Structures are given as structure tokens and as C-alpha cells.
Amino acid sequence: MIVVRNLSATYDEHVVYSDVSMTVMAGEWVVIIGPNGAGKSTLLRSIAGLTDMPGSVKVDGRSIDEISGRERAQKVAFVPQAPALPSGMTVTDYVLLGRTPYLSLLGTETKKDLRVASHMLGLLAVEDLAKRDLATLSGGEAQRVVLARALAQEPQVLLLDEPTSALDLGRQQETMQVIDDLRVDRQLTVITTMHDLTLAGQFADRLLLLNGGGILAEGTPDEVLTSETISKHYGANVRVIRDSDGGVIVVPIRARQSGRNIGRAL
Amino acid sequence: MLDVQPSRLLPRWWFVAALVLAATVLGGLSIGPVPLTVSDIWAVLVGHLPGVTRSETVSLAHEAIIWDIRFPRVMLGVLVGGTLAMAGAAYQGVFRNPLADPYLLGVAAGAGLGATLAIAVGGAGSAFLPVAAFVGAVAAAAITYAIGAASSRTSSVASLILSGVAVAAFLTAAQTYVQQRNSETLREVYSWILGRLSTAGWSDVRSVVPYVFVASVTLFALRRMLDVLALGDEEATALGMPVTRIRLIIVAAATLGTAAVVAVSGLIGFVGIVIPHLLRLLFGSSYRLLIPLSFLGGGAFLVAADLVARIAIPPAELPIGVITAFLGAPFFALILRTRQGAVR
């Protein structure tokens, strides 16, 4: 369980958001949505303890400011939108980096660390890639390998910034399903940011809409994803379709009127 | 379950690297104006083991050539080349910049100013030169670090590199000024800047050993941390690593080693940048391998280069920096071309 209280962020005195609070239970998946520039990535990095912005984050009742970086990394794994994949590094070495929080500064991996890494390679079905150079992986393969590294931290909380943004449709669904299986399996607390609202709605227990300096809507996908909310906060024309089994589908619609006007003007 | 092993130096690679180094050392000892046989060399080396009496089969002159002239020079070559290559690998890792070399933080300019001052004040062959060069190098790196760390708001890596540029420019200007004011020392300063192992005696070797030891042990111990740093500051922090502190320790160790070897050998370029890259192309980019292999490879390379410098234009000697670039650059280009398809 992770409890976030009164997080704020400012850049050059411009307030991005202020007093953001949320509580996410073990095994729950929360997706933070919002337009570009709303501060989704900053919020996620703050929750990971990577910024020195004001506010408090507690994992399992302990504030992450009061524990060491190593201890924090044993509880919380963070994957940025475009993780570094150093060329020339093997997949195995990369996944083993996830064991860093369990090693002393001068230490090398124990048998247990190797076992955990091997287990995660299996869990994400990337054993065959173990000896490959990171630079040779496809987008979908890389995403799985990155998840294997994050899971090698054996975290309670998994923070993923835009985990599907670089993937094709099939790999998007596959990645989301992998994360969901892991969440159920290991009672992981998952917080992700996402742009694809339909995909977000299909997997999230709860959506938080971040915009204009705070969380403006919060609830189940069915509650948050309405065409009024989306057009207001994203400035987008959408049709929201509710299918028979409770799913919410957000379809972008081309704004015919203004398009014709531009065409005529040309 | 898959048997998982991190990249590490397999025994056979250790063996090959040690063999290459031993072969170049042997070449460095036996080849020269006075050719010496392997058995002579063996007899002299064994004769210097504690408790062994001197072999009578080798003449005193030959013994002096081996023990007092060639052997310290070869050992210095190993230490200087090894340290420069290892420090270069460490700098490239810490700054995540393939162009980083041991002189990145103004070390060369600082050592240059120190050496020039020593020559201007103490004259040619000043005993004060290595100390002055060492102090100049360490001071320059410390100033660069202080400026870079203080101005770091966004990227501490970029601000460190940029402050290194500023410090180097300033110190080079100061060095040129001192040199122009003392133009009679030009030749001596120039010879130091080009780098050489020719003045080496055992005292030079003894003076660098402690620094090289501290630098190598530190960098070897932190080799895994260099792999973590390859992910960038933010991801390394997210993995629980104290990034700023580790970077400072690595930079300090690499700088200390570099300053010590530069103080006795002058500015030998190319080794610190090319040897690590060559090894990367052959063995991948894990610093678990690169740190130890760079030391062995850099040492062997410099001993070989020094050998060429000694015998290319007898009886004169070429500056070793000329050889390292002249032989190293085409070889590196060749490897780069042939490996490009495989590595992308």
C-alpha cells in the first residue's frame, strides 16, 4: 500500500500541481491520465522519491524520505518512459542491475540474486534473450526486459511512466496483460501514467485525472471517462462508447466543421 | 530454470590477457640496440629474487641494461598505459560519454602548467617537476569538480564536462604565458607535453606505484557501480545508488592515478580513449570486464608503443605519443569498420 500526501511541484515558480494526495492499496492498479504538461511524469517521479519537491510518500507506513535509497529501491521500482538501454550490455547483466538495492556498494551478486534474475527472465518469457545485446532488441522485447529488471527489485510498488507509448497495438495489449498478471500474482501496487484512455480503462481499477494543478476527477473508468470530461480537459472531440460487458471505448472523432473551413480557406 | 551468470572475466581471457602482456614485456626487455636473449633476461630476473645469488652467466653490462634501464622502463610503461586506459574507461562510464578521456576534467592542462612552472623555475630536469605536475593535475580536477557541482541544476554530467573545458582553457592560457616568458625552456616543456618513458628509473616506478594501486583497487571494486551508472542518474538513483557520492569517488580515484602517471610520463594521448573502446568492441560494454581488461590492455599497448619508439629511428627516439596515435589510430579504425556490422 502506498499513501501519497500533499505532493506539489513547481518549475521556475510556475505551479504544475499542488497538494495531490492518493492512497493505492496492495494489488490495486491506478492509472494517472491527463493532457500533456499536466505533470503526470513529475508526479510519478515524486512518488518514486526522485524529486525533492514538497509532500510525503509512505510505503507500508514508512516515509520514503526517512529510509535509505537502497531500502526505498527494495520497495519501489520505477521505470521511466524511455529507459536507458546501454548498447553492448547483455540482457542478463541488465536484469541483474535490478538487484542493486540488495547488494553492498562493493558487492557482487550472490546465488540468490542470480536465482531471482533467472526467475524474472522466465516470468516475462525472455530467457531466450538472456545473452543478447540490449541494442538488438525489438520494442516489445525491450519492454519485457525492462519489466524483468524492475521486478528483480522484488518491489511492492511498481511505477511505470507510459509503459506502452513506444509499442504497436499487439505489444501494447500484451504488455498491459503481463503487468496485470504480475499485479494479481504478486499483489503488486501498480501506478502508471497513460495517454491511451481506452487501454487505461480496460486495465485500471481506478483512474485519476491530473490537470490544471490537481486531481480533477477520480473513480472507475466508467465514472471518469465521459465525453464531457475528456473534451474539457484534453480539448478533444471524442465519442465514448460503453460496450455490453462494461468496457469503455474512447473513439476520437474528427471535427468536420473546422476541417472544412480550413479546406475552403486554402 | 535458466542458469544466469553476469558478464565476468573468464579464466581463459585472464590467461590470454596475461599472456599478451607478458609477451610485450619480454619484447620490451629483449629488443633494443643491444639484443638480449630470453635466457639472459630470465637469469637476471631470477637473480634479483630474494635469497638467490647472481648468475655468473650474464655479463655485468648486460645485467645493468636489463635491470637498471629496460626493466624499470617496461614496468613504467605497464603502469602508465594501464592506468591511463583504466581511468579512461572509468571516465567514459561516469560521464556516459564516449569521448571522455583521463584528461577530461582539465588534468592535462593542470599538469602542463605545473610542469612548465617547475621547468621555468628549476630549469631542465628539475627534480621538482613530477610533484608540480601532480599538484597541478589534482588541483585542476578539484577546481573543475567544484565549479561543475556548484552549477549543476539540471545535468551534473554536462556541467562537469563544460567546467572542465573552461578550467582547461584557462590553465592552458596560463601555461602558454609562462612558457613564452621563459622561451629558453621551450624544448624541455615540449618534450614533456609529448610524453616519454625515457627518463624512467626505478625511482619513477616506485613513486607511481602507490597511486596506481589505490586507483586500480578502487575502480575494480566499483566496476559494477559503473554498470549501474550506465542507466543514467535518475534510474541509478531509483535503484538505490548514491549517484553523486559514487561518481565523486570514481572520478577522484581515476584522477589520482592519472595525475600520478602524467607526473612522470608527460601527456601520452590516445591510450585512455582507444584501448577501452577497442575492448568494448571485442568484449561488450560491461565495466566488470572493461576495468581489469583496460589495465592489462593499456599496459601491453604502451610497452609495445615504447618499443617501437625506441627502435624506429636509431639512435634517436620518437616521442611515444606519436607512436600511440600513429599505430593505434589506423588499428582502431580497422576494428571499428570490421565490427560495425555486428555491433550496429
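Here is a short chat about a predicted model, looking at chain B and at a sheet in chain A.

Visitor: What does the secondary structure of chain B come to, in helices and strands?
Guide: Walk along chain B from the N terminus and you meet α after α. The tally for chain B is 14 helices and 0 strands.

Visitor: How does the radius of gyration of chain B sit against the globule rule?
Guide: Chain B has 344 residues, and for that length the globule rule gives 20 Å. The chain is as compact as a globular protein of that length, because its own radius of gyration is close to that, at 21 Å.

Visitor: Where in chain B is confidence lowest?
Guide: Taken as a whole, chain B has a mean pLDDT of 86, with 95% of its residues at 70 or more. Confidence is highest in helix H10 (residues 233–238) of chain B, at 94. Where pLDDT is low, the coordinates shouldn't be read in detail. In chain B the lowest mean, 73, belongs to helix H14 (residues 320–343).

Visitor: Which strands stand at the edges of the open sheet in chain A?
Guide: The order of the 6 strands in chain A is E6-E7-E8-E3-E9-E10, with mixed pairing. A strand with a single partner has one side left without a neighbour in the sheet, so the edges are E6 (76–79) and E10 (214–219) of chain A.

Visitor: Which residue stands opposite A:Val79?
Guide: Strand E6(A) is joined by 4 bridges to strand E7 (residues 157–161) of chain A, and the two run parallel. Across from A:Val79, in E7(A), is A:Leu160.

Note on methods: Residues are numbered from 1 along each chain as its sequence is written. Chains are lettered from A and ligands numbered from 1 in the order in which they are written. This is a predicted model: local features need pLDDT of at least 70, side-chain atom pairs count only at pLDDT 80 or more; totals for chains, interfaces and linings use all residues. The radius of gyration is taken over C-alpha atoms; the globule rule is 2.2 Å times the number of residues to the power 0.38. pLDDT is the predictor's confidence in each residue, from 0 to 100. Two strands pair if DSSP finds at least two bridges between them.
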